[in-house]
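Reader: Hi! I have just opened this one and could use a friendly tour. Where do we start?

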Amino acid sequence: IGFCRGIFLADRNRCCGGSENVDFLRESCIRPALGDNSAVDWITWGEYIGMDSQVGQDGGALVSLVIYVVASMFFTGVASFLVCEYAPAARGSGIPEVKAAVSGYDLPQSFSSTCL
């Protein structure tokens with residue numbers, strides 16, 4: 001778990017140039033023998049914080065996991081707050097609303113600009 005230095009919001013496969021260029025054991029990109037020493041590189045969170053050198057690879061993986069879980073919880077909380085505060089009609093999956101609209105029922109709140 002980490003980020004791509006050089007390409008904003010790219011996943012590991014895109015950062016390394018395809019899944020054949022990913023070393024899954026070392027969690028890094030495989031560099032070609034000739035040419036292309038670009039500034040694009042996959043950096044794990046443990047390596048970025050400096051934990052890989054202090055506690056080893058397993059400690060860096062634990063730091064990466066903690067950062068991932070905390071970030072996921074934060075963004076989930078923000079999303080749920082926005083839905084509860086600004087668009088309560090957007091709660092749920094939306095499948096019953098779409099079925100009702102297809103059947104001919106008028107649901108103006110479900111398809112308003114704030115809900116969509």
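Author: Happy to help! Let's begin with the whole chain: of the 116 residues of the protein, 20% count as buried. Keep in mind that this is a predicted model.

Reader: Got it. How many helices and strands are there in the protein?

Author: The protein has 4 helices and 4 strands. Going along the sequence, they follow the pattern β-α-β-β-β-α-α-α.

Reader: And what about contacts between residues at least 6 apart in sequence: what share join residues at least 24 apart?

Author: That share is 45%.

Reader: How much area does the protein expose?

Author: About 8,600 Å², and carbon and sulfur atoms supply 62% of that.

Reader: New topic: cysteines. How many disulfides does the structure hold?

Author: There is 1 disulfide in the structure. Cys 4 and Cys 15 form this link, with their sulfur atoms 2.2 Å apart. The angle about the S-S bond is 75°, and the link is right-handed.

Reader: Which parts does that pair tie together?

Author: Cys 4 belongs to strand 1 (residues 2-5) and Cys 15 to helix 1 (residues 12-16), so the disulfide ties together parts that are 11 residues apart in sequence.

Reader: Are those two cysteines buried or exposed?

Author: Cys 4 is buried, at 8% relative accessible area. Cys 15 counts as buried too, with 7% relative accessibility. Each gets that label because buried means under 20% relative accessible area.

Reader: What about Cys 84, is it buried or partly exposed?

Author: Cys 84 is partly exposed, and its relative accessible area is 45%.

Reader: Back to strand 1 and helix 1. What is found in the loop between them?

Author: One residue to look at there is Leu 9, which is found in that loop. Leu 9 has a positive phi of about 60° although it is not a glycine.

Reader: Is Leu 9 buried or exposed?

Author: Leu 9 is exposed, with 75% relative accessible area.

Reader: Now the surface. Which residues make the nonpolar patch?

Author: The patch is made by Ile 1, Leu 62, Leu 65, Val 66, Tyr 68, Val 69, Val 70 and Met 73, and covers about 760 Å².

Reader: Where does Tyr 68 lie?

Author: Tyr 68 lies in helix 3, which spans residues 51-86. Leu 65 is found in helix 3 as well.

Reader: And how accessible are those two?

Author: Both are partly exposed: Tyr 68 has a relative accessible area of 49%, and Leu 65 has 42%.

Reader: Ile 1 is in that list too. How many residues apart in sequence are Leu 65 and Ile 1?

Author: Leu 65 and Ile 1 are 64 residues apart in sequence, yet 7.2 Å apart in space, C-alpha to C-alpha.

Reader: Last topic: aromatic rings. How many aromatic pairs does a search of the whole structure find?

Author: The search finds 1 aromatic pair. Phe 74 and Phe 75 form it, with 5.2 Å centre to centre and 65° between the planes.

Reader: Why does that pair count as edge-to-face?

Author: The angle between the planes is 65°, and planes over 60 degrees apart count as edge-to-face, so the pair gets that label.

Reader: Are these two Phe residues buried or exposed?

Author: Phe 74 is exposed, at 52% relative accessible area, and Phe 75 counts as exposed at 56% relative accessibility.

Reader: Thanks, that was a lovely tour!

Conventions
Residues numbered from 1 in each chain as written. Predicted model: local features only at pLDDT ≥ 70, side-chain atom pairs only at ≥ 80, totals over all residues. Heavy atoms only, no water. Phe/Tyr/Trp six-rings, centres within 6.5 Å; stacked < 30°, edge-to-face > 60°. Buried < 20%, exposed > 50% of the residue type's maximum accessible area, 1.4 Å probe, protein only. Disulfide = S-S within 2.5 Å. Helix = DSSP H or I, 4+ residues; strand = E, 2+ residues; numbered from the N terminus. Patch = residues over 30% accessible without salt bridge, like charges linked within 9 Å, V, L, I, M, F, W, Y side chains within 5 Å. Areas by Shrake-Rupley, 256 points an atom, 1.4 Å probe, with all protein chains shown as cover. Salt bridge = Lys/Arg side-chain N within 4 Å of Asp/Glu carboxyl O. Contact = heavy atoms within 4.5 Å.
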